[in-house]
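Reader: I would like a close look at a single part of this model. Please keep it brisk.

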Amino acid sequence: MTEVVRAENTTKRYGEVLGLNGFTANFGPGITALIGPNGSGKSTFFRLLTGQLRPDSGQLAVLGRDPWANRANSAGVGYCPEHPAVYGWMTPFEFVTYLLRLDGFSRRAAEEGADAALATVGLSDVADRRLRGFSKGMRQRVKIAQALAHDPALLLLDEPLNGLDPLGRVQLLDLFGRLAAKGHHLIVSSHVLYEVERLTEEIVMISNGRVLAIGNIHRIRDALDAHPHSIALRTKEPRRLAERLTAWENVTSVEIAEPDRLVVRTKAPDLFYRDLPGLVLDASIEVYEMSSPDDNLEAVFRFLSE
Amino acid sequence: MTIFAPNYAPAPPALESRSKRALAILGHQIQVQSGVLNIVLLLFIFVVVVAPLVVTFYLSQFLPSGILGTTGLSTFYGPIGQQVWFILLIILVSSAGAAVIARDVATKAMTMYLARPIRPIDYLGAKSGALAFWVFLGGVLPGWVGTVIVLALGYVSLPLALEAIAGYFVIGVFSITAFTGLAVFFSSLTPRSTLAGAATFGALLGSDVVMGVLSGISGKVVFLYASPVQDVLAVAAGVFGASGNSLNPWSSGVVLVGFAVAAFGLAYVRLLRTQVIAE
């Protein structure tokens, strides 16, 4: 068994509302990103994985065991919820210590664990300050600290980068990488797609409680041959470049999006990237910037959702 | 032959039992409830229970028995029979119990509990236990302290003091279960602590007023059984042999237990559903 989490046709309803709808996916070792818009079922999935909810139908296995009615399973799972879920009157040290005691740690072991976890997320200096004065990003770190404090094999992080400053994001992305390198498995949910691209290539895309796509982001992208690939070019002579490009067989459209910016759509990006330098040289047209908006997950998600 | 270097790693910590994990919640909750308001309320309750007991037994040493009546076990009913003690106890229950569950729902902190090896029943039990501790402090301990003081001053005999202590314990058990149950139930109904506290206060005091009026209009004392306050008074009167209460103490005891079972049962069901609603 290589998968850490296995979901087979899992369905969870809230009355008439479907939280998960026949969700089937395996989450392998290392970092996997769970991508989907708000309300797509990410948090429901995490609550099912932590045994807080029971699936109405289908199978779920976390580290090889059914999470429902299996509280012992929580020793191997660390959960960072999306919502604040912290007590403002406590300090980070008190909060993490308290939650470790709920995990079954003795007071002394809990205090040692809290110290180590807060150091890991870079909060040792403010461990004795009240949480009510913390920024959203700092609270987020506290939640991550409590999730990893008991050294679980699997970390479930629900929108962990939400509210963090750019430096904090980099630090946490680095931390996630180090945790994965140490042998932890991470499932990280996000609706901000560019964040996930930096974190992992393994993704599960979810929408309306169903799996939309699963696997390697580049492989998914390659599979989308029918979807035209967009490439943006910045040049001082957009009209002249557009005239040349429209003559190409593999170019489906050319749009002058801004006075100095062209957006080209092609069904054969490889050929386009191969031939463009020759055209630029032959026509003496200066192209000073080239980017591919389609390389980000957002475009893939939009395309798959349509 | 191959020799492998031993791989020493710190042993994983031995995890504590389910009851100790629940005790951690209980201890934390008691700490959270130790605000100034609850402490002040508790001090007032001690004053209104202990002072009348001591003064009554003290004066009985000098005044003719006809003025204060015969002092004995029924004298210990005096502080309980007064409305001030009940009102203060109800405020304490409402104040300490308001946020007991509501705050965890409001802050979504409950998910932190239920993602751990904590069962909903452990959570409910520990939170209720913390509130019960406060009701014990306001409902039983003052009576015990007052009894010990009058015993120490030599106003009562040891057997009588022990009877009184047992009596306060019995009354405490009934009031703790019923009052705690109602407060926990209301706290599980809403994420707004203030609303939960107001509902507890209103239900306990409001039922007393409404049932008193209904009983007065209809002339039927059976309405009074629907008031937990009157039920506790009936049990107290029965335990201390005090006269003047028209309710059957046994029936009142059964009603109080019924209140508690229904309230805890509903709170538990509500707790399970709260997770779904919070989603």
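Which strands of chain A does helix 4 (residues 136-148) lie across, and at about what angle does helix 4 run to strand 5 of chain A? Please work outward from there.

Author: This is a predicted model. Helix 4 (residues 136-148) of chain A lies across strand 5 and strand 6 of chain A. Helix 4 runs at about 170° to strand 5 of chain A.

Now the sheet itself. Strand 5 and strand 6 belong to an open sheet of six strands in chain A. The strand order is 5-6-7-3-8-9, and the pairing is mixed. Strand 5 (77-80) and strand 9 (210-216) of chain A stand at the edges. Each has a single partner strand, so one side of each is left without a neighbour in the sheet. On average, neighbouring strands are turned by 15° against each other, direction ignored.

Strand 6 (residues 154-158) of chain A pairs with strand 7 (residues 185-190) of chain A. The sense is parallel, over five bridges. One position to check on screen is L155(A), whose bridge partner in strand 7 of chain A is L186(A).

A second helix also packs on this sheet. Helix 1 (residues 42-49) of chain A touches strand 3 (31-35), strand 5, strand 6, strand 7 and strand 8 (202-207) of chain A. The direction of helix 1 makes about 150° with that of strand 6 of chain A.

Next, one residue: A145(A). Leaving aside residues up to four places away in sequence, A145(A) touches P92(A), V96(A), A117(A), L118(A), T120(A), V121(A) and L123(A). The largest nonpolar core has 149 residues. A145(A) is among the members that touch the most others, along with V96(A), L156(A), L92(B) and A236(B). Helix 10 (residues 158-189) of chain B gives the most to this core, with 13 residues. There is also a second, separate core of seven residues, including I231(A), L233(A), L245(A) and L262(A).

Step back to the whole of chain A. The domain assignment gives domain 1 (5-222) and domain 2 (225-305). Taken over C-alpha atoms, the centres of domain 1 and domain 2 of chain A are separated by 38 Å.

Last, the partner chain. In chain B, 22 residues are in contact with 28 residues of chain A. Helix 1 (18-33), helix 7 (110-114) and helix 13 (249-278) of chain B each supply at least two residues of the side that touches chain A. That side of chain B divides into twelve nonpolar, four polar and six charged residues.

How values were computed. Residues numbered from 1 in each chain as written. Chains lettered and ligands numbered in written order. Predicted model: local features only at pLDDT ≥ 70, side-chain atom pairs only at ≥ 80, totals over all residues. Core = buried A, V, L, I, M, F, W, Y, C linked by C-beta atoms within 7 Å. Buried ≥ 20, exposed ≤ 12 C-beta atoms within 10 Å, placed from the backbone. Helix = DSSP H or I, 4+ residues; strand = E, 2+ residues; numbered from the N terminus. Contact = placed C-beta atoms within 7 Å. Nonpolar A, V, L, I, M, F, W, Y, C, P; charged D, E, K, R; others polar. Domains from an automatic or database assignment. Pairing = 2+ DSSP bridges. Axes fitted to C-alpha atoms, helices over the stretch in contact; angles between N-to-C directions.
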